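This briefing goes through a protein model from its overall form to single residues. Please keep the sequence and the structure at hand while reading.

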Amino acid sequence: MNTVDTRDREQVIAEIQSALGDRLLTLERPSATRVFLEVDSQHIVDTASIFSQELQARLQTASAVDAPRKIEVLYHWSFDSAGLVVTVRTRIDRDQPEIASITPTCPAAHWIEREMWELMGVSFQGHPDMRHLLLQDDWPAGKFPLRRDYRRE
């Protein structure tokens with residue numbers, strides 16, 4: 001069985017804290033293998049660059065949550081050798097959900113940003129190919145099936 005030295009995890013967490021510096025708003029550790037942190041949306045491209053290039057993390061996926069006042073965009077990064085998953089959360093305005101695309105920095109985000117755009121209405125500024133991925137091309141504008149206020153007609 002392959003065991004992971006927990007000192008590796010501690011070192012990774014220390015490297016994240018150091019690299020993000022003042023960008024880091026919160027950091028929570030609910031278990032030995034999971035870390036949740038928050039950054040302001042204006043820092044998401046820098047954060048993705050730090051994670052993918054400097055810290056050599058792998059983007060597992062990203063997701064969006066329609067919270068009551070904000071939309072939370074969550075980027076789930078894996079530090080495979082340390083057995084650690086770090087979720088980076090940022091919150092954006094629910095009425096104008098815009099955030100910079102991390103696709104130019106991290107190509108693995110290409111399809112998932114398109115999915116969040118069409119299902120949650122998150123506009124990814126600077127995305128190279130923002131078009132429908134799952135829904136029909138003639139899907140009604142402004143109708144986002146995973147939003148709390150979505151109603152079928």
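**Helix H3 and its surroundings**

In this predicted model, helix H3 is largely enclosed by the rest of the structure, because 8 of its 11 residues are buried. The buried residues are His110, Ile112, Glu113, Arg114, Met116, Glu118, Leu119 and Met120, a list in which charged residues such as Glu113 and Arg114 stand beside nonpolar ones such as Ile112 and Leu119.

- The buried residues of H3 pack against strands S3 and S4 and against strand S7, which covers residues 123–125.
- Just after H3 comes Gly121, which takes a positive phi of about 80 degrees.

**Overall architecture**

- The protein contains 3 helices and 7 strands, and these follow one another along the sequence in the pattern α-β-β-α-β-β-β-β-α-β.
- The radius of gyration is 16 Å, close to the 15 Å that the globule rule gives for 153 residues, so the protein is as compact as a globular protein of that length.
- Along the principal axes, the C-alpha trace spans about 55 × 30 × 25 Å.
- Of the contacts between residues at least 6 apart in sequence, 50% join residues that are at least 24 apart.

**Surface and charge**

- Buried residues account for 41% of the 153 residues.
- The accessible surface comes to about 8,700 Å², and carbon and sulfur atoms contribute 46% of that area.
- The protein carries 18 positive and 24 negative charges, and the mean positions of these two sets are 5 Å apart.

**The largest nonpolar core**

- In soluble globular proteins, nonpolar side chains tend to be buried together.
- The largest nonpolar core here has 36 residues, of which Phe51, Tyr75, Trp77 and Phe79 touch the most other members.
- At least two residues of this core come from each of helix H1 (6–20), strand S2 (34–39), helix H2 (44–54), strand S3 (58–66), strand S4 (70–79), strand S5 (84–93) and helix H3 (110–120).
- Phe79, when its neighbours within four places in sequence are left aside, is in contact with Val12, Ile16, Phe51, Leu55, Ala57, Leu84 and Val86.

**Helix H2 and the loop that follows**

- The buried residues of H2 are Ile44, Thr47, Ala48, Ile50, Phe51 and Ser52, and Phe51 is also one of the core residues that touch the most other members.
- Most residues other than glycine have a negative phi.
- Gln56, which is not a glycine, nevertheless has a positive phi of about 60 degrees, and its place is in the loop between H2 and S3.
- Because its relative accessibility is 61%, above the 50% cut-off, Gln56 counts as exposed.

**Asp66 in strand S3**

- Is Asp66, a residue of strand S3, buried or exposed? With a relative accessibility of 6%, Asp66 counts as buried, since the cut-off for burial is under 20%.
- Not counting residues up to four places away in sequence, Asp66 touches Ile71, Arg94, Met120, Leu146, Arg147, Arg148 and Asp149; one of these, Met120, is among the buried residues of H3.
- Between Asp66 and Val12 there are 30 Å in space, C-alpha to C-alpha, and the two are 54 residues apart in sequence.

Terms used. Residues are numbered from 1 along each chain as its sequence is written. This is a predicted model: local features need pLDDT of at least 70, side-chain atom pairs count only at pLDDT 80 or more; totals for chains, interfaces and linings use all residues. Side-chain values use heavy atoms; hydrogens and water are left out. Helices (H or I, at least four residues) and strands (E, at least two) are DSSP runs, numbered from the N terminus. The radius of gyration is taken over C-alpha atoms; the globule rule is 2.2 Å times the number of residues to the power 0.38. Buried means under 20% relative accessible area, exposed over 50%, partly exposed in between (1.4 Å probe, protein chains only). Contact means heavy atoms within 4.5 Å. Accessible areas come from the Shrake-Rupley method with a 1.4 Å probe; for residues, only the protein chains shown count as cover. Lys and Arg count as positive and Asp and Glu as negative; His and the chain ends are not counted. The place of a charge is taken as NZ of Lys, CZ of Arg, CG of Asp or CD of Glu. A nonpolar core is a set of buried Ala, Val, Leu, Ile, Met, Phe, Trp, Tyr and Cys residues joined through side-chain atoms within 4.5 Å.
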